[in-house]
Amino acid sequence: MINLELPKKLRASANQAHQVATEIFRPISRKYDLAEHEYPVELDTMAAMVEGLADSGTQKIGGAAGGREDDSESDAHATELLGNTNGGNMSALLNALETSWGDVGLMLSIPYQGLGNAAIAAVATDEQLKRFGKVWASMAITEPSFGSDSAAVTTTAVLDGDEWVLNGEKIFVTAGQRSTHIVVWASVDKSLGRAAIKSFVVPRDAPGLSVARLEHKLGIKASDTAVLLLQDCRIPKDNILGSPEVNVEKGFAGVMQTFDNTRPLVAAMAVGVARAALEELRAILTDAGVEISYDIPPNNQHAAAAEFLRMEADYESAYLLSLRAAWMADNKKPNSLEASMSKAKAGRTGTDVSLKAVELAGAIGYSQRTLLEKWGRDSKILDIFEGTQQIQQLIVARRVLGKTSAELK
C-alpha cells in the first residue's frame, strides 16, 4: 500500500518553513516586488536563524539542503530494514515549496541557500563538502551564446601551477551579486567536447571576477539576477568539484547530476506558487458566492468552480511527481527521468494556475489588491530556468524511447 503522508520529522520542518513564509515573506512580498534590486534586509535575520538550525542539526529552511547527508545510525538501520528514507532532498523540496508559497523571489534570496549549494552537495568530495559547507553559492551555467544546451559551454578553465584560470561570461546568475561563492561551469579542454565540462567553486573575492550588470525582470524581483565576467580569474587548484579527470566515456554526467537534485526543487517552487494562487482564488470565488463541490460532476457546477477543480488536480499531480523525484534521490535511485517530469509538469502547472487565477478573479486579480498578479509574473521563470519546458519534454522523450541526445534532438 502506498502511504502518501509525510513523516513526522518532515512535517515539523515544513511547518517551520511555512511559518517563515507567513510571518516574514508574505508581509514584505509586495515591498520588494516594487523595489527591485534592493536587498531584503529582513533576510539578515533569516541568515542567522538558518545557520543556527544547521549547526543544531535541524533541516535548513530554504531549498539548498538537497544532496548527500550523513544518516544517523538509527536512520541507516531503518533504511536497511524498510528500504526507504526521506532525507535532505525531500526536506529541501518541502521547505522550498513552503517558502515559495510565501514569496519565491525572497526564497531565492535566502543567504547561504543558493542553487549552487545543491550543486556542491551533489558532486563535491567529502573534503570539499566540509570546506564549502557554510558558503552561499550561486550557479553560473548559461552564457550569451547558448541557453538550454548546457554542453555548449565556452567558458574555459586552464590549470596554471596550483591555480585554475577561468575566462568567460555568465548570464542570468541567480543571487549572482549577493552570494559569497559562484559555482561556474567551464571546459578544461574544448577539444574533448562535453566530457571536459567541469564545475568550479569561485569565491566572490577571486581576482578577475566581476559583476557586469543586474537584470531587470518580469518577476522574482526580490532576487538579484546578474551577468558575471571572468577575466583571468584565478582560483585554487582544489576548487574543481569532484574529480579533475576527464572521462570521455562518462561524458559530463557528473556535472549534469546537479540537475537531478535541483530540478525537483524548482518544481517545488512552482507547486508552492500554484498552491498560493489556488488558495487566494478559492477565497475570492467563495466571497463571490461560487461553491466548489467535490460531490457534483464539474460540468454540473459553475464554470469557475469546474476550472478550479481542473487546476487543483493539476496541482496535486505536480506535487506528487515532485515528491517522487526527491524520494528517489534520497534513496539513491536514478531519477533523471522523474526530475524532468516533475519540472515539466510543475513549471507548466505553475504558470497555468497563477495566470488562470488572475483571469477568474477579474479586476481583483489584475490589480495589486492581492498578490495574484505578482504570482502570475513570478511563475513564468519557474517554467524556464533549470531547463525550459521544451528541454524537459525532450529529456523525458529520450529516456522513455531509449534514445541518445545525438539520436533525438
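Q: Why does R11 count as partly exposed?
A: The relative accessibility of R11 is 39%. Buried means under 20% relative accessible area, exposed means over 50%, and partly exposed is what lies in between (1.4 Å probe, protein chains only). At 39%, R11 lands in the in-between band, so it's called partly exposed.

Q: What kind of model is this, and what limits apply to its values?
A: It's a predicted model: local features need pLDDT of at least 70, side-chain atom pairs count only at pLDDT 80 or more, and totals for chains, interfaces and linings use all residues. Residues are numbered from 1 along each chain as its sequence is written, and side-chain values use heavy atoms, with hydrogens and water left out.

Q: How confident is the predictor about the chain, going by mean pLDDT?
A: pLDDT is the predictor's confidence in each residue, on a scale from 0 to 100. The chain averages 89, and 89% of its residues reach 70 or more. Residues 69–79 are another story, with pLDDT below 50. Beyond near neighbours in sequence, that stretch has eight contacts in the model (contact means heavy atoms within 4.5 Å).

Q: Where does R11 sit?
A: R11 is in helix α1. Helices (H or I, at least four residues) and strands (E, at least two) are DSSP runs, numbered from the N terminus. By that count, the chain has twelve helices and seven strands. R11 and N95 are 84 residues apart along the chain, and their C-alpha atoms are separated by 9.9 Å.

Q: What makes α4 and α8 roughly antiparallel?
A: Helix α4 (residues 88–107) and helix α8 (residues 303–330) pack at about 150°, with their axes 7 Å apart. The axes are lines fitted to C-alpha atoms, for helices over the stretch in contact, and angles between N-to-C directions run from 0 to 180 degrees. Under 35 degrees counts as roughly parallel, over 145 as roughly antiparallel, 65 to 115 as roughly perpendicular, and the rest as oblique. About 150° is over 145, so this pair is roughly antiparallel.

Q: Which residues make the contact between α4 and α8?
A: On the α4 side you'll find G88, N89, M90, L93, L94 and L97. On the α8 side there are Y319, S322, L323, A326, W327, A329 and D330. These split into nine nonpolar, three polar and one charged. Here Ala, Val, Leu, Ile, Met, Phe, Trp, Tyr, Cys and Pro count as nonpolar, Asp, Glu, Lys and Arg as charged, and the others, Gly among them, as polar.

Q: How do you know that α5 is mostly covered?
A: Just look at the tally: nine of the nine residues in α5 (residues 115–123) are buried. L115, I120 and V123 are among them. Across the chain, buried residues make up 55% of the 409 residues.

Q: What makes a group of residues a nonpolar core, and which residues have the most contacts inside the largest one?
A: A nonpolar core is a set of buried Ala, Val, Leu, Ile, Met, Phe, Trp, Tyr and Cys residues joined through side-chain atoms within 4.5 Å. The largest has 63 residues, and L94, M269, L372 and L382 have the most contacts inside it. Helix α7 (253–287) is one of those that supply at least two residues, and α7 gives the most, 15. Leaving aside neighbours within four places in sequence, L382 is in contact with V104, V266, M269, A270, V273, K343 and G347. Another core, of 19 residues, lies apart and includes L166, L209, L230 and I235.

Q: Is A175 buried or exposed?
A: Its relative accessible area is 2%, so A175 is buried. You'll find A175 in the loop between β3 (163–174) and β4 (181–187).

Q: What is noted about the phi of A175?
A: It is near 60°, a positive value in a residue other than glycine. Most residues other than glycine have a negative phi. H37 also has a positive phi, near 75°, and its place is in the loop between α1 and α2.

Q: Why does H37 count as partly exposed?
A: H37 has 23% relative accessibility, so the label is partly exposed.

Q: Why is I384 called partly exposed?
A: With a relative accessible area of 38%, I384 earns the label partly exposed. I384 is in the loop between α11 and α12 (389–401).
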